[in-house]
Amino acid sequence: MEAIVEKAILVGVNLGHTEDFEYSMEELVNLTHACDVEVLGRITQSLQRVNPSHYIGKGKVEEVRHLVEEKDANLVIFNDELSPSQIRNLERELDCKVIDRTILILDIFANRAKTKEAQLQVEVAELQYMLPRLVGLGQSLGRQSGGVGTKNKGTGEKKIELDRRRIEEKISVLKKDLEIMVAQRQIQRKKRKKLEVPVVALVGYTNAGKSTVMNSMLQTYMPDVEKKVFEKDMLFATLETSVRNITLPDNKSFLLTDTVGFVSKLPHHLVKAFRSTLEEVAEADLLIHVVDYSNPNYRQLIDITNQTLEDIGVKGIPTIYAYNKAEIVRDDLPVVHQDDIYFSAKNGIGIEELTSMIRSHLFAQYVNCELVIPYDQGGVVSYLNEVANVKEVSYEEEGTLMKVECKASDAEKFKRYIVNK
């Protein structure tokens with residue numbers, strides 16, 4: 001059967017004249033393209049409050065209908081989440097499929113999810129979104145097969161045929177499966193805490209280059225280890241949390257976490273479903289907020305990310321602002337100013353400077369000391385060689401003399417051997 005080519009008209013409402021409205025419409029264009037849907041036109045309206053029955057005013061509905069007919073479009077996408085009755089009323093008036101920004105993002109997430117956990121999280125979000133919309137979406141999905149909101153496992157006519165009770169049961173089963181995965185993740189986090197390995201989380205707007213930063217650090221410090229993460233120039237390339245151990249030349253190590261990217265108006269169902277994944281961020285010792293500096297709207301992207309972090313309860317964690325893709329805008333890289341760095345992850349420019357900033361945050365508690373370790377305590381020598389920065393070793397009558405830089409907790413542990421701190 002020939003796939004239906006979807007051609008859309010985008011509709012946005014600027015409520016109370018918000019400043020970032022124009023950017024959120026640009027973002028809607030990008031999200032639509034990410035679903036392989038062609039954008040044929042857009043219509044916007046400024047309102048103090050939305051129209052409860054059609055979201056937009058009656059005159060605007062007529063305007064959208066004319067544009068749909070004129071451009072021969074078969075889909076209308078709204079920039080905000082619509083209620084079930086609004087979807088129903090709009091479809092009746094416009095005589096074509098109507099979806100909202102939320103289902104568009106859910107669709108992208110469903111297509112990008114690779115791991116079992118990410119797939120479960122997306123499916124829970126989709127089912128929760130659909131539960132109150134069974135009637136409206138039933139009509140919408142019945143209009144045509146295929147296309148946005150119908151082509152992935154999580155949505156489609158099959159789900160609409162299920163009654164509310166069965167969908168609720170399905171959500172309950174999926175949530176139990178997720179709880180098992182969340183418990184496993186918490187066990188892993190406890191183990192890390194026990195080992196006192198600091199955690200650095202990469203956060204930022206989608207497609208800012210977080211995975212590229214991680215891969216550049218791996219390439220710089222762990223070139224022999226095949227641990228690269230997936231990176232691609234597209235929205236939401238990363239949905240799964242990747243954790244990699246970075247060991248620096250002086251034996252200091254930390255865990256680097258790559259997380260899902262943010263976007264404005266990230267559907268709350270999705271934020272709730274991904275909360276367990278995002279807990280990795282909440283428990284980090286340091287955040288690296290990766291910003292696409294080549295994007296003219298980068299300040300808005302910073303605000304969107306900070307707002308999302310606040311929404312998921314992340315606050316008070318020290319943050320480095322890493323202005324990536326800066327080579328497109330300036331040629332004096334890298335530039336470091338306090339907790340800001342302008343660099344290029346793709347070209348590996350500024351990775352060492354970024355690492356140095358990470359060091360100053362994570363390893364400020366390290367101390368220099370001299371220890372004389374008796375020759376029958378070889379295990380202590382081996383341990384320090386593995387975890388500390390050993391600057392000098394000599395063999396004295398009483399034992400091995402080591403000048404090291406180590407964690408304050410290790411200095412405390414072996415204080416009986418310390419001769420000079």
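Which side chain meets Glu 27 in a salt bridge? The partner is Arg 101, at 2.2 Å from N to O; a salt bridge here is a side-chain nitrogen of Lys or Arg within 4 Å of a carboxyl oxygen of Asp or Glu. The model is predicted, so local features need pLDDT of at least 70, side-chain atom pairs count only at pLDDT 80 or more, and totals for chains, interfaces and linings use all residues. Residues are numbered from 1 along each chain as its sequence is written, and side-chain values use heavy atoms, with hydrogens and water left out.

**Salt bridges**

- Glu 27 lies in helix H1 (residues 21-34) and Arg 101 in helix H4 (residues 101-112), so named because helices (H or I, at least four residues) and strands (E, at least two) are DSSP runs numbered from the N terminus.
- The Glu 27 and Arg 101 pair links distant parts of the chain, 74 residues apart.
- Both Glu 27 and Arg 101 are buried; buried means under 20% relative accessible area, exposed over 50%, and partly exposed in between, with a 1.4 Å probe and protein chains only.
- The count of salt bridges comes to 19.
- Another of the salt bridges joins Arg 65 to Glu 69, with the closest N and O atoms 3.0 Å apart.
- Arg 65 and Glu 69 are both in helix H2 (residues 58-71), four residues apart, or about one turn of the helix.
- Arg 65 counts as partly exposed because its relative accessibility is 25%.

**Strand E14 and its partners**

- Six of the seven residues of strand E14 (residues 400-406) are buried.
- E14 pairs with strand E12 (residues 367-373) in the antiparallel sense over seven bridges; two strands pair if DSSP finds at least two bridges between them.
- Val 367 has Cys 406 in E14 as its bridge partner.
- Strand E13 (residues 389-395) is joined to E14 by six bridges, and the two run antiparallel.
- Asn 389 stands opposite Glu 405 in E14.
- Four residues separate E13 and E14 in a hairpin, and Gly 399 in the turn has a positive phi of about 160 degrees.
- The side chains of Lys 403 and Glu 370 meet in a salt bridge of 3.9 Å, N to O.
- Because Lys 403 lies in E14 and Glu 370 in E12, this pair ties together parts that are 33 residues apart in sequence.
- Lys 403 is partly exposed, with a relative accessible area of 29%.
- Asp 250, Lys 252, Arg 359 and Glu 405 are joined into one network by salt bridges that share partners.

**The seven-stranded sheet**

- Seven strands form an open sheet with mixed pairing, in the order E6-E7-E5-E8-E9-E11-E10.
- Strands E6 (242-247) and E10 (335-337) stand at the edges with a single partner strand each, so one side of each is left without a neighbour in the sheet.
- Neighbouring strands of this sheet are turned by 20 degrees against each other on average, direction ignored; axes are lines fitted to C-alpha atoms, for helices over the stretch in contact, and angles run from 0 to 180 degrees between N-to-C directions.
- Strand E9 (residues 319-324) and strand E11 (residues 340-342) run parallel and are joined by three bridges.
- Tyr 323 has Tyr 342 in E11 as its bridge partner.

**Helix H5**

- Of the 15 residues of H5, 13 are buried.
- The end C-alpha atoms of H5 (residues 116-130) are 21 Å apart, which agrees with the 21 Å expected at 1.5 Å a residue; the expected span is 1.5 Å times one less than the number of residues.
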